[in-house]
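Please open the structure in your viewer and keep the selection tool at hand. The tour below moves from one selection to the next and says what is found at each stop.

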Amino acid sequence: VFTAWVMGKIDAEVGDNRLTGNVGVQMVSVDQSSTALVSSGSGTNVTSTLRTDGAKYTDFLPSVNLSLRTPDDLVVRFAMARQMARPRLDDMRAAVNYNFNPALGQTPGVTPWSGGGGNPRLRPWRANAVDVSVEKYFNADGYVALAGFYKDLKSYIVNVAQPFDFTGFPIPAGTPEPLTRQGEVTQWTNGQGGNLWGAELSGQLQLSALSDGLEGFGLNGSVAYTKSNVAATPGGPTDDLPGYSRWVTNFTGFYEKDGFSV
């Protein structure tokens, strides 16, 4: 992975307020590959060979981040960026466990091939994102914040059956060459077209604001709602992005004083 970037910083007075932030662009150039076994069968009856595959791609990621701070400790933040998140390494493995059915090898219009494995050509998650938050700070260590976000998903990752070229994959000895080398492999792949949006309310309270006897004790927590809309297969029905919870909450009580933290 080769990365280059340029950034300009912002620090200006706007009336009685202070505007800080940055604007820039990042270039990320990736050359990825994997070499692994592809195998069929089980026990002592296993057919296997090595497979190498991969991809090269370059992303340009512009971004702007702004924070407007008022004299009464109110902060308004705005961010807009092209974002990317790299896939898991094991999802990009070249290994494939495949099935070859010799009984279907000479049947026209039917494939004898199927399997499952990784995808060394997998691209990152990509999205155009906008984030806005309003934050109020008080009593040095307390705050309450409301944030909203929207992501226009250009590329995301789902696990679905995909057309696959089995050229070069070994078949059992003595088996005639099948009529087709085309089949399907269930693997992680990049979907296209979708969106993700939501809001989060969060805050922190030092209980010493209520009583001096509670110095060191505090509470923090958040509640977030997220809605997504993607199609796992091109032209297919849309649904929530797999793995996302619509509601996420957390609540923590803590004590921090004199070097102790509980």
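A residue is called buried when its relative accessible area is under 20%, exposed when that area is over 50%, and partly exposed in between. The model on your screen is a predicted one, and the tour begins with a pair of tyrosines.

**Stop 1: two tyrosine rings**

Select tyrosine 137, which counts as partly exposed because its relative accessibility is 31%, and then add tyrosine 143, which at 26% is also partly exposed. With both side chains shown as sticks, what is the angle between the planes of the two rings? The planes of tyrosine 137 and tyrosine 143 lie at 35° and the ring centres are 5.9 Å apart, so the pair is described as tilted.

**Stop 2: glutamate 135 and its surroundings**

Now select glutamate 135, which lies in strand S7, the stretch covering residues 125-138. Is glutamate 135 buried or exposed? Glutamate 135 is buried, because its relative accessible area is 11%. Its side chain makes a polar contact of 2.9 Å with the side chain of arginine 77, and another, of 3.0 Å, with the side chain of serine 133. If neighbours within four places in sequence are set aside, the residues in contact with glutamate 135 are Asp73, Leu74, Val75, Arg77, Val144 and Ala145. For a sense of distance, add valine 25, which is 110 residues away along the chain and whose C-alpha atom is 27 Å from that of glutamate 135.

**Stop 3: valine 144 and a nonpolar patch**

From that list of contacts, move to valine 144, which is found in strand S8, residues 142-165. With a relative accessibility of 38%, valine 144 counts as partly exposed. Add Leu146, Leu201, Val223 and Trp247 to the selection and show the surface, since together with Val144 these residues make a nonpolar surface patch of about 470 Å².

**Stop 4: aromatic rings**

Eleven aromatic pairs are counted in the structure. One of them joins tyrosine 98 and phenylalanine 169 in an edge-to-face arrangement, with 5.1 Å from centre to centre and 70° between the planes. This pair links distant parts of the chain, as tyrosine 98 sits in strand S5 (residues 96-100) while phenylalanine 169, 71 residues away, sits in the loop between S8 and S9. Tyrosine 98 and phenylalanine 169 are both buried. Extending the selection to Phe100, Trp113, Phe164 and Phe166 brings up the one aromatic cluster that these residues form with Tyr98 and Phe169.

**Stop 5: threonine 175**

Threonine 175 lies in the loop between S8 and strand S9 (182-191). A polar atom of the threonine 175 side chain is 3.0 Å from the backbone oxygen of proline 172, and beyond its neighbours within four places in sequence, threonine 175 is in contact with Phe100 and Pro102.

**Stop 6: charged pairs**

Side chains of opposite charge can pair when their charged atoms come close. How many salt bridges does the whole structure hold? The search finds twelve, including one between aspartate 90 and arginine 88, at 2.7 Å from N to O. Here arginine 88 is exposed at 55% relative accessibility, whereas aspartate 90, at 35%, is partly exposed. Select next glutamate 177 and arginine 181, whose closest N and O atoms are 2.9 Å apart in a salt bridge; arginine 181 counts as buried at 16%, while glutamate 177 is partly exposed at 48%. Finish with Arg51, Asp53 and Arg121, which are joined into one network by salt bridges that share partners.

How values were computed:
Residues are numbered from 1 along each chain as its sequence is written. This is a predicted model: local features need pLDDT of at least 70, side-chain atom pairs count only at pLDDT 80 or more; totals for chains, interfaces and linings use all residues. Side-chain values use heavy atoms; hydrogens and water are left out. Patches are made of residues with over 30% relative accessible area and no salt bridge: like charges are joined within 9 Å, nonpolar side chains (Val, Leu, Ile, Met, Phe, Trp, Tyr) within 5 Å. Accessible areas come from the Shrake-Rupley method with a 1.4 Å probe; for residues, only the protein chains shown count as cover. A salt bridge is a side-chain nitrogen of Lys or Arg within 4 Å of a carboxyl oxygen of Asp or Glu. Helices (H or I, at least four residues) and strands (E, at least two) are DSSP runs, numbered from the N terminus. Buried means under 20% relative accessible area, exposed over 50%, partly exposed in between (1.4 Å probe, protein chains only). A polar contact is a pair of N or O atoms within 3.5 Å; within protein, one must be able to donate a hydrogen and the other to accept it, and residues adjacent in sequence count only if both atoms are side-chain atoms. Contact means heavy atoms within 4.5 Å. Rings of Phe, Tyr and Trp (its six-membered ring) pair if their centres lie within 6.5 Å; planes under 30 degrees apart count as stacked, over 60 as edge-to-face and the rest as tilted.
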